[in-house]
Amino acid sequence: MRAIAEAPSKVIITGEHFVVHGAWALAAALPRRVRVEVAPANSFGVSSDRFGEGDDAQLLPVSRVVDAMAREFSVSSSVRVSISSAVPEGAGLGSSAATMVAVAAAYSRLNSLRLGADEIVRFSMVGEQHVHGNPSGIDPNISARGGVLLFRPGSRPRKVALDSSRTLIVSYSGRRRSTKGQINTVARMKQKHPGLFSMLAKGVSSLSLEAADRLREGDMEGLGGLLAVNHAVLDTVGVSNDILDRMVDLCASLGSYGAKLTGAGGGGSVVAVAPEAKEKSIVSGLSARGFETFKVEIPSEGVRSWSKR
Ligand code: MEV
């Protein structure tokens with residue numbers, strides 16, 4: 001008997017970083033997924049299509065999730081975990097959270113634990129804290145629940161229901177970065193300028209609530225304007241860089257309604273919204289400059305799991 005789970009990657013539409021400090025953020029699940037298979041074994045082991053066998057950076061957070069669940073439910077942690085991923089690492093698209101969520105869901109399925117999204121998120125966070133230090137929890141929440149969510153720590157995530165799909169453009173700079181380092185950069189800025197930071201956090205929180213309304217109403221032009229403002233604020237707190245600014249400017253010159261960095265910044269990806277007639281030229285314009293770029297339809301469903309003999 002084996003269990004398999006697939007969990008989606010994510011894009012943060014607005015509010016990253018400030019969400020760590022209590023602001024609302026808006027995120028959507030993306031169709032690219034991480035697949036995890038868990039099977040009983042003689043001892044614990046992890047393999048991945050990216051890292052091969054037993055790479056420490058992958059093994060440790062995964063083993064933390066499995067150990068926490070094994071302890072709580074008194075089940076065996078001797079399992080083989082096999083990971084295969086269609087999500088680029090370090091790209092700001094939630095690859096580690098999707099992995100942790102899929103591990104928790106597959107392990108839950110293998111042991112017939114029947115855990116709901118809250119519990120899957122709780123156990124995924126054990127691995128996420130190991131990887132990122134002090135994450136807000138937005139990444140595992142969107143990966144477990146799917147769809148589009150307004151999220152802030154300490155509140156129930158709010159589902160944003162869409163009457164039809166919406167198109168986003170996601171473009172990967174090709175530069176990997178560490179979320180932990182980026183979170184620390186923002187924490188230092190907050191320490192240095194607490195008054196300014198609190199004002200920016202309040203502004204970004206209302207911006208995310210408004211962005212959810214614009215998205216719900218299909219007002220992509222209004223949403224694009226908010227993305228541009230959010231990018232400027234992220235630049236102010238030190239998480240953008242030349243390459244991301246260049247990509248955002250390029251989206252504007254190719255006719256987007258607006259674009260911003262998404263996720264931790266310092267590399268990673270940008271997200272843009274555009275009139276339908278411009279989407280193709282934005283994707284080809286960014287791709288021609290060497291950035292892996294794709295159109296995505298949101299919403300996309302959350303984690304799913306099944307067993308196999
Ligand atoms: C990372 O996807 C989003 C950050 O806001 C960190 C977090 O919320 O955990 C940068």
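What percentage of the 309 residues in the protein chain is buried? Buried residues make up 56% of the chain. The legends below refer to a predicted model.

**Figure 1. Overall view of the protein chain, with nine helices and 12 strands.** The C-alpha trace spans about 55 × 40 × 35 Å along its principal axes. The radius of gyration is 19 Å, which agrees with the value near 19 Å that a compact globule of 309 residues would have. Of the contacts between residues at least 6 apart in sequence, 76% join residues at least 24 apart. The accessible surface of the chain comes to about 12500 Å², and carbon and sulfur atoms account for 48% of this surface.

**Figure 2. Charged side chains and salt bridges of the protein chain.** The chain carries 37 positive and 29 negative side chains. The centres of these two sets lie 3 Å apart. Side chains of opposite charge can pair when their charged atoms come close. A search of the whole structure finds 19 salt bridges. Among them are E6 with R304, R122 with E119, and R216 with D213, and these pairs are the subjects of the next three views.

**Figure 3. Close-up of the salt bridge between E6 and R304.** The closest N and O atoms of the pair are 2.9 Å apart. Because E6 belongs to strand β1 (residues 2–14) and R304 to strand β12 (residues 304–308), the pair ties together parts that are 298 residues apart in sequence. E6 has a relative accessibility of 15% and therefore counts as buried. R304, at a relative accessible area of 32%, is partly exposed. Both residues also belong to a network of salt bridges that links E6, R33, R35, E301 and R304.

**Figure 4. Close-up of the salt bridge between R122 and E119 in helix α3.** The N to O distance between the two side chains is 2.9 Å. Helix α3 covers residues 117–132, and R122 and E119 are three residues apart in it, so about one helical turn separates them. R122 is partly exposed, with a relative accessible area of 37%. E119 likewise counts as partly exposed, at 27% relative accessibility. The view also takes in A104, which is 18 residues from R122 in sequence. The C-alpha atoms of R122 and A104 are 9.3 Å apart in space.

**Figure 5. Close-up of the salt bridge between R216 and D213 in helix α6.** The closest N and O atoms of R216 and D213 are 2.7 Å apart. Helix α6 runs over residues 194–217 and contains both partners, which are three residues apart and therefore separated by about one helical turn. R216 counts as partly exposed at 35% relative accessibility. D213 is partly exposed as well, with a relative accessible area of 32%.

**Figure 6. Close-up of E37 in strand β2 and the residues it touches.** Strand β2 covers residues 25–40. With a relative accessibility of 21%, E37 counts as partly exposed; the cut-off for buried is under 20%. Leaving aside residues up to four places away in sequence, E37 touches R2, A3, I4, R80, V81 and S82. One of these, S82, is 45 residues from E37 in sequence, while the C-alpha atoms of the two are 5.1 Å apart in space.

**Figure 7. Close-up of S95 in helix α2.** Helix α2 covers residues 95–110. S95 counts as buried, with a relative accessibility of 5%. Not counting residues up to four places away in sequence, S95 touches V34, V87, P88 and E89.

**Figure 8. Close-up of S143 in helix α4 and its surroundings.** Helix α4 is formed by residues 138–145. At 1% relative accessibility, S143 counts as buried. Apart from residues up to four places away in sequence, S143 touches A7, P8, A97, A98, V101, G302 and V303.

Definitions and conventions
Residues are numbered from 1 along each chain as its sequence is written. This is a predicted model: local features need pLDDT of at least 70, side-chain atom pairs count only at pLDDT 80 or more; totals for chains, interfaces and linings use all residues. Side-chain values use heavy atoms; hydrogens and water are left out. A salt bridge is a side-chain nitrogen of Lys or Arg within 4 Å of a carboxyl oxygen of Asp or Glu. Helices (H or I, at least four residues) and strands (E, at least two) are DSSP runs, numbered from the N terminus. Buried means under 20% relative accessible area, exposed over 50%, partly exposed in between (1.4 Å probe, protein chains only). The radius of gyration is taken over C-alpha atoms; the globule rule is 2.2 Å times the number of residues to the power 0.38. Contact means heavy atoms within 4.5 Å. Accessible areas come from the Shrake-Rupley method with a 1.4 Å probe; for residues, only the protein chains shown count as cover. Lys and Arg count as positive and Asp and Glu as negative; His and the chain ends are not counted. The place of a charge is taken as NZ of Lys, CZ of Arg, CG of Asp or CD of Glu.
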